[in-house]
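Let's take a walk through the empty spaces in this protein and the molecule that sits in one of them. Have the viewer open as you read.

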Amino acid sequence: MKQDVTFWENKYQENDIAWDIGNISTPLKTYIDQLTDKDLHILIPGGGNSYEAEYLHQLGFKNVYVVDFSETPLGNIKTRVATFPKEHFIQADFFELHNLHPNLSFEIILEQTFFSAIPPQLRNNYATQTHRLLKSNGKLVGVLFDDALNTDKPPFGGSSEEYISLLKPFYSLAIFEKCYNSIPNRANREVFIKLEKN
Ligand SMILES: C[S@@+](CC[C@H](N)C(=O)[O-])C[C@H]1O[C@@H](n2cnc3c(N)ncnc32)[C@H](O)[C@@H]1O
């Protein structure tokens, strides 16, 4: 079970990207549509082809960052959205971001199929790393699969109960509920989260 850069880069090279819905997902779009402050610092970890970043950029958000360790999807978004600030695409390991860019911190981290991509043994690191990268009033927002899925390869699944016990020490759970507006093939299999940094 090798979940490293080569694993993901090969998936993009072979166009074996079943997770990629080719557009921003409805839950993320609905959340973004009610944001008004275009100066918010927003991070999208494991953003892949980065449709959320593209959407935010089109709406005029100026401080949107993507961190992904795969070169191909970052190349794709750079080509697709030539006006996006190139330095906001960070090709790096999410878990090293604080060391590489110690001055970066965010009001919002947007989660969309990154949590389910990382090996489950890194989930505690995900909780600590998202918490570390957020400003004091920061929020972790997005969708998590509430579905067992795979245990030996991504997407790794889990349950709301597991996620709550993982995240509660770090966040107050402003919203943690069954997602009402998932895309059809994820319906009833996702929770929408809006977690406020403790
Ligand atoms: C399942 S894909 C999701 C991509 C995108 N969020 C989407 O929904 O289309 C997971 C992404 O996370 C990236 N990734 C996995 N582990 C990573 C890590 N430790 N640091 C940075 N990127 C990582 C992969 O390169 C891949 O682009």
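What follows covers the pockets, the ligand, a small cavity and two backbone details.

Keep in mind from the start that this is a predicted model.

**The largest pocket and its tenant**

The largest pocket comes in at about 860 Å³. Its lining runs to 46 residues, and Trp 8, Trp 19, Thr 113, Phe 114 and Ala 117 are the closest of them to the centre. If you colour by secondary structure, look for helix H1 (5-13), strand E1 (41-45), helix H3 (51-59) and strand E2 (63-68), the elements that put two or more residues into that lining. H1 is the top contributor here, with four residues. By class, the lining of this pocket splits into 24 nonpolar, 12 polar and 10 charged residues.

So where does the ligand sit? It's in that largest pocket. There are 17 residues around the ligand, and the ones that come nearest are Tyr 12, Asp 68, Ser 70, Gln 112 and Thr 113. Sorted by class, this shell holds nine nonpolar, six polar and two charged residues.

For the polar side of the story, here are three side chains with a polar atom by the ligand:

| Residue | Ligand atom | Distance |
|---|---|---|
| Ser 70 | oxygen | 2.6 Å |
| Asp 93 | nitrogen | 2.9 Å |
| Thr 113 | oxygen | 2.5 Å |

How much of the ligand's area does the protein bury? Taken alone, the ligand exposes 600 Å², and the protein buries 96% of that.

Thr 113 is worth a label in your viewer. Its name comes up among the residues closest to the centre of the largest pocket, and again among those nearest the ligand. A polar atom of its side chain lies 2.5 Å from a ligand oxygen.

**The second largest pocket**

Next is the second largest pocket, with a volume of about 170 Å³. The residues lining it are Pro 27, Thr 30, Tyr 31, Gln 34, Ile 175, Glu 177, Cys 179, Tyr 180, Asn 181, Phe 192 and Lys 194. Helix H2 (26-33), strand E8 (171-178) and strand E9 (190-197) supply at least two lining residues each. H2 gives the most, with three residues. The class count for this lining is six nonpolar, three polar and two charged.

**A closed space**

Which residues line the largest cavity? They are Glu 111, Thr 113, Phe 115, Ser 116, Val 143, Leu 144, Phe 145 and Glu 190. So Thr 113, already met at the ligand, turns up in this lining as well. There's about 40 Å³ of space inside, and the model has one cavity of 30 Å³ or more. Strand E5 (residues 134-145) gives the most to the cavity lining, with three residues. Four of the lining residues are nonpolar, two are polar and two are charged.

**Two backbone details**

Before you set anything up, check a couple of spots in the chain. Pro 154 and Pro 155 are joined by a cis peptide bond, with omega at about 0°. You'll find Pro 155 in the loop between strand E6 (147-149) and strand E7 (156-158).

The other spot is Asn 15, where phi is near 55°, a positive value in a residue other than glycine. Asn 15 is placed in the loop between H1 and H2. Those two helices are familiar by now: H1 gives the most to the lining of the largest pocket, while H2 does so for the second largest.

Technical notes:
Residues numbered from 1 in each chain as written. Predicted model: local features only at pLDDT ≥ 70, side-chain atom pairs only at ≥ 80, totals over all residues. Heavy atoms only, no water. 1 Å grid on protein atoms, 1.4 Å probe; cavity = no way out; pocket = protein on both sides within 12 Å on 5 of 7 lines; lining within 4 Å. Points joined across faces, edges and corners; volume = space filled by probe spheres on them. Nonpolar A, V, L, I, M, F, W, Y, C, P; charged D, E, K, R; others polar. Near = heavy atom within 4 Å. Polar contact = N/O pair within 3.5 Å; in protein donor to acceptor, adjacent residues only side chain to side chain. Areas by Shrake-Rupley, 256 points an atom, 1.4 Å probe, with all protein chains shown as cover. Sits in = over half its atoms within 2 Å of the grid points.
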